[in-house]
Amino acid sequence: MLFGWQRLNQGKRTFILTLSRAPAKSLEIFCPVPFSVGDCVLMRASDSDKPPYVAKVYKIVGDHRNNAKVRVRWYYRPEEAIGGRRQFHGAKELFLSDHYDFQSAHTIEGKCIVHTFGNYTKLENVGPEDYFCRFDYKAATGGFYPDRVPVYCKCEMPYNPDDLMVQCETCKDWFHPTCMSMTIEEAKKLDPFLCSLCSSKDADKRPLNSFHVEPKGVLKRRKR
């Protein structure tokens, strides 16, 4: 199947995608931005009060009624998954699910970027189009991969890139200022910073623990 994008109107952000299935038959999709197979896109939610869904495009096809469809793999937000949002989940965090679906191409509102967790933490500025993913998610069972991740600080929680942390000069572990009874302003002035264990003379080395990611409760995404 051949296809290509053209700008419909130079004065407006409207593009037209023509999918040629035969010399005399084609499909046309009107979208605010062009997209391709492999792109991550924002798809309009049925409830206008909800943010757009995030998905990865795997295929662009036409149905028997000459309507354009996209086969997508859904990303879930933490609140859409079994167990819900937890303290260590970032505001822009997504889970790559095993939930595939066909949706109308007309519901695509724009494109976005889903970064790896490591690349996201290196961004100097996070834009509205930036998201990150560190877990694969099984929608039917609520299982995650990996099911264990490193933990930090006295609270022994996984890293949340939205929260400021300071590193101990000795043990190299990371800590939340609030868990160390400090304000963020006080933490920024410390150079070097020593955690309470390392600052004591008889401090033992802290073991590297891990957090088991397990679901609680049941919450299923409604298929659109």
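## A partly exposed pair

Let's start with R85, which counts as partly exposed at 36% relative accessibility. In this predicted model, R85 has a salt-bridge partner in E79, and their closest N and O atoms are 2.9 Å apart. E79 is partly exposed too, with a relative accessible area of 36%.

## The other salt bridges

How many salt bridges does a search of the whole structure find? The answer is three, and the pair of E79 and R85 is one of them.

Another brings together the side chains of D39 and K111, at 3.8 Å from N to O. D39 sits in the loop between β3 (25-31) and β4 (40-43), while K111 belongs to strand β8 (residues 108-116), so this salt bridge ties together parts that are 72 residues apart in sequence. D39 is partly exposed, with a relative accessible area of 21%, and K111 is partly exposed as well, at 40% relative accessibility.

R134 and E93 also form a salt bridge, with 2.7 Å between the closest N and O atoms. Here, too, distant parts of the chain are linked: R134 is in strand β9 (residues 130-138) and E93 in strand β7 (residues 93-104), 41 residues apart. Are these two residues buried or exposed? Both R134 and E93 are buried.

## A buried arginine without a salt bridge

Now take a look at R73, found in strand β6 (residues 68-76). R73 is buried, yet it has no salt bridge. Which side chain of opposite charge is nearest to R73? That is D136, 5.1 Å away. Since a salt bridge requires the nitrogen and the carboxyl oxygen to be within 4 Å, the 5.1 Å to D136 does not qualify.

R73 does have a polar contact: its side chain and that of Y58 are joined at 3.5 Å. Leaving aside residues up to four places away in sequence, R73 touches A55, K56, Y58, L96, S97, D98, H99 and Y100.

## The protein as a whole

Stepping back, the protein has 224 residues, of which 38% are buried. Its secondary structure includes three helices and 14 strands.

Contacts across the sequence are part of the picture as well. Among contacts with a separation of 6 or more, 54% are between residues 24 or more positions apart. As for the surface, the protein exposes about 13,500 Å², and carbon and sulfur atoms supply 50% of that area.

Technical notes:
Residues numbered from 1 in each chain as written. Predicted model: local features only at pLDDT ≥ 70, side-chain atom pairs only at ≥ 80, totals over all residues. Heavy atoms only, no water. Helix = DSSP H or I, 4+ residues; strand = E, 2+ residues; numbered from the N terminus. Buried < 20%, exposed > 50% of the residue type's maximum accessible area, 1.4 Å probe, protein only. Lys, Arg positive; Asp, Glu negative; His and termini not counted. Polar contact = N/O pair within 3.5 Å; in protein donor to acceptor, adjacent residues only side chain to side chain. Contact = heavy atoms within 4.5 Å. Areas by Shrake-Rupley, 256 points an atom, 1.4 Å probe, with all protein chains shown as cover.
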